[in-house]
Every structure is written in structure tokens, then in C-alpha cells.
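Welcome to this guided tour. Open your viewer, get ready to select residues by number, and follow along stop by stop.

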Amino acid sequence: MFPGGGVDMQQLLQQAQKMQQDLAAAQQELAETPVEGSAGGGLVKATVTGAGELKSLEIDPRAVDPEDTETLADLVVAAVRDANNAAQELAKTKLGPLAQGLGGGGLPGLPF
């Protein structure tokens, strides 16, 4: 089918399978890796997985003012956002090289 034997399809399929296995392993590692974000100078801390799943939320009692729950809510949102940004950076680090191996166009649904 390829004159002169230009492409070894078996080798190409093996490379694609290895990249798929590497990608699955990296995604699994991301799903299990905790990433922390904080706000308010550490008054609120959020821990997410590298895949962005919120796992825990710590609120320092000094952040709790019954007269001002709006600030506490803002701190929670900021801490979760900070943790998710860190998770996205981790994903770029772990999956970026694999995306380059797939043609450099990134992976659909991933932020890089």
C-alpha cells in the first residue's frame, strides 16, 4: 500500500498505543494528586485533585465573622479558584509533553 515501504504501520500503532498508555497513567496520577490553594493569607485553604475535584476545605476560625459571611464566601471561592489554577498548571506539566507527542495541537477538553 505504501510504495518503497515508507511507513511501518505496526510500529506506528505500537507508538500510538504507548502514548495512549502514558496518557492514561498521567491522567490517573493527576486524579490522585492533591493540590492546595489558599486565600486571605491562609485563612481559607482548599485542596483539589489534579483533575480539579474539591477534596477538602479548611477555614480558620479567625475568618468567621457572623456579621460578614459575604467575605468568608469570597475567601472560599478564591481559595478554590487558586487550587484549581494550581491543578491546571499541574495538568499542563504532566500532560503537556504527551500532547506535544500527539501533534502539538493539545488535547480536546484540556486547557493547553
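Begin with the whole protein chain, which has two helices and three strands. Here helices (H or I, at least four residues) and strands (E, at least two) are DSSP runs, numbered from the N terminus. Follow the chain from the N terminus and the elements come in the order α-β-β-β-α.

Before you select anything, note that this is a predicted model: local features need pLDDT of at least 70, side-chain atom pairs count only at pLDDT 80 or more, and totals for chains, interfaces and linings use all residues. Residues are numbered from 1 along each chain as its sequence is written, and side-chain values use heavy atoms, with hydrogens and water left out.

**The whole chain**

Show the surface of the protein chain: about 7500 Å² is exposed, and carbon and sulfur atoms supply 53% of it. Accessible areas come from the Shrake-Rupley method with a 1.4 Å probe; for residues, only the protein chains shown count as cover. How much of the chain is buried? Of its 112 residues, 23% are buried. Buried means under 20% relative accessible area, exposed means over 50%, and partly exposed lies in between (1.4 Å probe, protein chains only).

**Stop 1: helix α1**

Select residues 9–32, which form α1. What span should its 24 residues have? At 1.5 Å a residue they should cover 34 Å, and the end C-alpha atoms are 35 Å apart, which agrees. (The expected span is 1.5 Å times one less than the number of residues.)

Zoom in on the start of α1, where a side-chain oxygen of D8 comes to within 3.2 Å of the backbone nitrogen of Q10. Now select L23, A26 and L30: these residues of α1 are buried.

Next, pick K18 and D22, whose side chains meet in a salt bridge (3.0 Å, N to O). A salt bridge is a side-chain nitrogen of Lys or Arg within 4 Å of a carboxyl oxygen of Asp or Glu. Both residues lie in α1, four residues apart, about one turn of the helix. An α-helix has 3.6 residues a turn, so residues three or four places apart point the same way. K18 counts as partly exposed because its relative accessibility is 48%, and D22 is partly exposed too, at 30%.

**Stop 2: a nonpolar patch**

Select V7, M9 and L12, which make a nonpolar surface patch of about 240 Å². Patches of this kind join nonpolar side chains (Val, Leu, Ile, Met, Phe, Trp, Tyr) within 5 Å, from residues with over 30% relative accessible area and no salt bridge. V7 is in the segment before α1 and, at 38% relative accessibility, counts as partly exposed.

**Stop 3: T49 in strand β2**

Move to strand β2 (residues 44–49) and select T49. Is T49 buried or exposed? T49 counts as buried because its relative accessibility is 4%. Leaving aside neighbours within four places in sequence, T49 is in contact (heavy atoms within 4.5 Å) with L30, A31, T33, V35, K55 and A87.

**Stop 4: more salt bridges**

How many salt bridges does the structure hold? There are five. One of them joins the side chains of E53 and K55 (3.7 Å, N to O). E53 is partly exposed at 46%, whereas K55 counts as exposed at 52%.

Finish at D60 and R62, another salt bridge, with the closest N and O atoms 3.0 Å apart. D60 is partly exposed, with a relative accessible area of 21%, while R62 is exposed at 67%.

Definitions and conventions
Patch = residues over 30% accessible without salt bridge, like charges linked within 9 Å, V, L, I, M, F, W, Y side chains within 5 Å. Polar contact = N/O pair within 3.5 Å; in protein donor to acceptor, adjacent residues only side chain to side chain.
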